Amino acid sequence: MTEIEKKSILTNILAQYLNHLSKHLPEDISSALLRLKEQESDDSARAFYETMFRNMELAAELDRPLCQDTGIVQFKIKCGALFPAINELADSLTDAVRIATEEAPLRPNCVLSFEEKNTGDNTGGGVPTVWWEIVPNRYDCEITAYLAGGGSSMPGRAEVLMPSAGYDAIIPFVLDRVAEYGPNACPPLLIGVGVGNSVETAAMNSKNALLRDADSKNSNPKAARIEELLEEGINKMGIGPQGLGGSSSVMGVNLVNTARHPATLAVAVSFGCWCHRRGRLHLDRNLNFESPTHPGFSK
Amino acid sequence: MTEHRDGRIIITTPITDEDIKGLRTGDTFYLSGELMTGRDDVHERVVEEGMAFPVDLNAKALFHAGPIIKTKENGTYEIISIGPTTSMRMERFESAFIEKTGVKIIIGKGGMGADTAAACRMHKTICSAAPAGCSLVCAKCVEEVEGASWTELGMPEAVWHLKVKEFGPLIVTIDSEGRNYFEELKSDYKLRSEEQKLRLIKELK
Ligand code: SF4
């Protein structure tokens, strides 16, 4: 394969994938919604779930985006250092966003800050967002793509606490934010909590938490306990689908943690809406691909 | 005009004060007729820059929404996807907007604040919530995109003139007496979150 061929194949796969992602929820999210719908006892909340499922059917049937806010495209890349298309990848990501904007179509959401100009193609001014991780000695590449909508990005928050506040402090930090912003962020929500040493590590961890499956667990038992308690407590707030009341509020709570400084405890929270359009795509060295979150995605 | 059909309440534009007075917070209804989109920039133009809303909005409905619209080769528009955006962002402008335009029904996402509620009471207007993130269910109710104004603001911010049929379900969030359903719900959620905080911290210890 020449470099030009590699780039065009890669761009095409990624553009198709973004297109698919805007129209189909990942399996972990649709099964979480199904579970909540079945557990719902409130009649009008049940009716809302019906409308949401009807919307998902229409998206597949009409081949159109699930939600008009198709967000800012964000990519988390775990790229093998020996991945043969590593040189082409950055350009392919941007080109793919441009193509998907045209073809899906995605709504143009990229507004250049201070210039206050919408670029019209969802790229420019540092967008799409790309977070890179290079994995030594590997030939493959894992791409997590996320369409970050405005309503769900709005409630995000990070803060550096004193360690004496303790891990308990995560509870009011998250609950206050959910009570204030949750009803408006298109619940049932996926809540991502981050713990780290500084404001941006905690914030990044909270985003990584949203990229994990809704039913996944933190491997540390104490952190997993906090996930579980938060999920239980937020559900008891009864925010319901659409924020108008119901027997639950969240699809899941995920916590991602990294080490902290002896003098800091940074915490952050990010929100995902019910329309959580996030997917993982694996590419091998020959650019064969599969998506564990979207098994329906194929060439 | 208000109709009751198959257990549904359907309001058709032009909307009268009588139509509005028949709806209470928490009620579900559907809208037929003329619906205009308008969000952040449109409110700023009308309220802060003193520009007139580009079409007559009196006795009609406003939708806080930024749709995806395709322009066809013959210059007409096709709706791809449309759904509500957070109404609270418009709170700063909405009471003056209601007064200036005579709009009767505002459709959006989530609730609005005390100033809007006061204006609803004064001018016999209501606010309502459309199913959020259900932009295809909403798009299905749009019969036609009759025109567009202020397209220089970009696709999400422009004013799109829609003709809708039984658009909904819509839930009344502020009624014409100024009752604010979302604020009431939110104070319940806050109360419960305080209870949960205490319980969870205790459980964690
Ligand atoms: S929060 Fe999510 S579902 Fe709601 S409007 Fe935004 S992108 Fe759509």
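Visitor: Which strands form the open sheet of mixed pairing, 5 strands in number, in chain A?

Guide: In this predicted model, where residues count from 1 along each written chain and chains are lettered from A and ligands numbered from 1 in written order, the order is 4-1-5-10-11. Local features need pLDDT of at least 70 and side-chain atom pairs pLDDT 80 or more, while totals for chains, interfaces and linings use all residues; side-chain values rest on heavy atoms, without hydrogens or water.

Visitor: Why do strand 4 and strand 11 of chain A stand at the edges?

Guide: Strand 4 (129–135) and strand 11 (289–290) each have a single partner strand, so one side of each has no neighbour in the sheet. The strands are DSSP runs of E, at least two residues long, and helices are runs of H or I of at least four, both numbered from the N terminus.

Visitor: How do you know that strand 1 and strand 4 of chain A pair?

Guide: Pairing requires that DSSP find at least two bridges between the strands. Strand 1 (residues 72–80) and strand 4 are joined by 7 bridges and run parallel, so the criterion is met. Within this pairing, Gly80(A) has Val135(A) as its bridge partner.

Visitor: What makes strand 6 and strand 8 the edge strands of the sheet 6-9-7-8 in chain A?

Guide: This open sheet of 4 strands has mixed pairing, and strand 6 (157–161) and strand 8 (250–257) each pair on one side only. From one strand to the next, the twist averages 15°. Strand 7 (residues 189–196) and strand 9 (residues 265–272) of chain A pair antiparallel over 7 bridges, with Gly196(A) opposite Ala266(A).

Visitor: Which strands does helix 7 of chain A lie across in this sheet?

Guide: Helix 7 lies across strand 6, strand 7, strand 8 and strand 9, at about 145° to strand 7. Helix 7 (residues 199–211) also lies across strand 1, strand 4, strand 5 (141–148) and strand 10 (278–283), at about 100° to strand 5. Helix 2 of chain A lies across strand 7 and strand 8, at about 135° to strand 8.

Visitor: Why is helix 2 of chain A called roughly antiparallel to helix 3 of chain A?

Guide: Helix 2 (residues 27–39) and helix 3 (residues 43–62) pack at about 150°, their axes 10 Å apart. That makes the two helices roughly antiparallel (angles under 35 degrees count as roughly parallel, over 145 as roughly antiparallel, 65 to 115 as roughly perpendicular, the rest as oblique). Axes are fitted to C-alpha atoms, for helices over the stretch in contact, and angles between N-to-C directions run from 0 to 180 degrees.

Visitor: What is the make-up of the contact of helix 2 with helix 3 of chain A?

Guide: Contact means heavy atoms within 4.5 Å. Among the residues that meet are Leu33(A) and Lys37(A) of helix 2 and Tyr49(A) and Phe53(A) of helix 3. The contact residues divide into 7 nonpolar, 1 polar and 4 charged.

Visitor: Why are helix 1 and helix 4 of chain A called oblique to each other?

Guide: The axes of helix 1 (residues 3–21) and helix 4 (residues 86–103) come within 8 Å and cross at roughly 45°; the helices are therefore oblique. Their contact residues, including Leu10(A), Leu14(A), Leu93(A) and Val97(A), divide into 10 nonpolar, 4 polar and 7 charged.

Visitor: What makes both faces of strand 8 of chain B covered?

Guide: In strand 8 (residues 126–129), Ile126(B) and Ser128(B) on one side and Cys127(B) and Ala129(B) on the other are all buried (under 20% relative accessible area, with exposed over 50%, partly exposed in between, 1.4 Å probe, protein chains only). Strand 7 (residues 105–108) of chain B runs parallel to strand 8 of chain B, joined by 4 bridges, and Ile107(B) has Ser128(B) as its bridge partner.

Methods
Ala, Val, Leu, Ile, Met, Phe, Trp, Tyr, Cys and Pro count as nonpolar, Asp, Glu, Lys and Arg as charged, and the others, Gly among them, as polar.
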